[in-house]
Amino acid sequence: MHILLVEDDDEIARRIIAGLTLAGFAVERADNGADGYAMGASDDFDAAILDLGLPEMEGLDVLRRWRREGRALPVLILTARGTWSEKVDGLNAGADDYISKPFHIPEIVARLKALIRRTSGHASALLTHGRVVLDTAAGRVTLDGEPVELTARELRMLNYFMHRIGRIIPQADLVEHLYTIDESRESNTIEVYVSRLRRKLGAEVITTVRGLGYRMD
Ligand code: CA
């Protein structure tokens, strides 16, 4: 497993590299955001560990640029303890998971392994979440093994959620994703689609995060 570490603090980087190497990972390090961005954009890594406070380019900007360019690389962000807003920003910018500082190496190893496992699972056509199974290739959905009829737009919304399990999705992102330019983009219709998915797949399937958006977890 080939890991990109973007961390400017030498001591933290040294600890992570030592721990991950011991766990069998091959680690390459960038000590600033610009180099980290370039390495992640050009090389094939299995995952990246990304600090948020970085010289030359902030971690969040690195992440946003990767995602904007379609880089699906799984990303674990490092955040300072207690800053929940950093976590929310990071997850919204496309991070897959986060670790708060101070951290323990075994936690990083465990989360990286889970992340890589989860991400490689996405390569198959079947996405499973609890009682719901989505066959992305065939566009079919089952609940407890029974077929569920979804409209094209409901399917599209479900697919979007199921690729972002545990992440808060702002309403604006859903509007952006569901409507093409020439359709009317009314954010209140998002609530209509969310409630239809809840009716068809169970009320617990999507959580409303007041003031922030929606989450499937
Ligand atoms: Ca830093």
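**Close-up views of helix α1, the calcium site and R67**

**View 1. The end of helix α1 and the residue that follows.** Just after α1, G24 adopts a positive phi of about 95°. The model shown here and in the other views is predicted. At the opposite end, where α1 starts, a side-chain oxygen of D9 comes to within 3.0 Å of the backbone nitrogen of E11. Helix α1 covers residues 10-22, and because 13 residues at 1.5 Å a residue should span 18 Å, the distance of 18 Å between its end C-alpha atoms agrees with expectation.

**View 2. The buried and exposed sides of helix α1.** The buried residues of this helix are I12, A13, I16, G19 and L20. Seen down the axis of α1, these buried residues fall within an arc of 140°, so they line one face of the helix. An α-helix has 3.6 residues a turn, so residues three or four places apart point the same way. On the face of α1 turned away from the buried side lie the exposed residues D10 and L22.

**View 3. The calcium ion and its protein donors.** The calcium ion is coordinated by D8 (OD), D51 (OD) and G53 (O), at 2.1 to 2.4 Å. Along the chain, these donors follow the spacing D-x42-D-x1-G. The pair D8 and D51 links distant parts of the chain, since D8 sits in the loop between β1 (2-6) and α1 while D51 belongs to strand β3 (residues 47-51), 43 residues apart. With a relative accessible area of 31%, D8 is partly exposed, whereas D51, at 5%, is buried because its relative accessible area falls under 20%.

**View 4. R67 in helix α3 and its surroundings.** R67 is found in helix α3, which is formed by residues 59-68, and with 22% relative accessibility R67 counts as partly exposed. When neighbours within four places in sequence are left aside, R67 is in contact with A72, L73, P74, V75, A93, G94 and D96. With D96, one of these residues, R67 makes a polar contact from side chain to side chain, at 3.0 Å. R67 and A41 are 26 residues apart in sequence, and their C-alpha atoms are 9.9 Å apart in space.

Notes
Residues are numbered from 1 along each chain as its sequence is written. This is a predicted model: local features need pLDDT of at least 70, side-chain atom pairs count only at pLDDT 80 or more; totals for chains, interfaces and linings use all residues. Side-chain values use heavy atoms; hydrogens and water are left out. Helices (H or I, at least four residues) and strands (E, at least two) are DSSP runs, numbered from the N terminus. Buried means under 20% relative accessible area, exposed over 50%, partly exposed in between (1.4 Å probe, protein chains only). Contact means heavy atoms within 4.5 Å. A polar contact is a pair of N or O atoms within 3.5 Å; within protein, one must be able to donate a hydrogen and the other to accept it, and residues adjacent in sequence count only if both atoms are side-chain atoms. The expected span of a helix is 1.5 Å times one less than its number of residues. The arc is that of the directions from the helix axis to the C-beta atoms. Donors are N, O and S atoms within 2.8 Å of the metal (3.2 Å for Na, K and Ca); water is not among the atoms, so sites may look incomplete.
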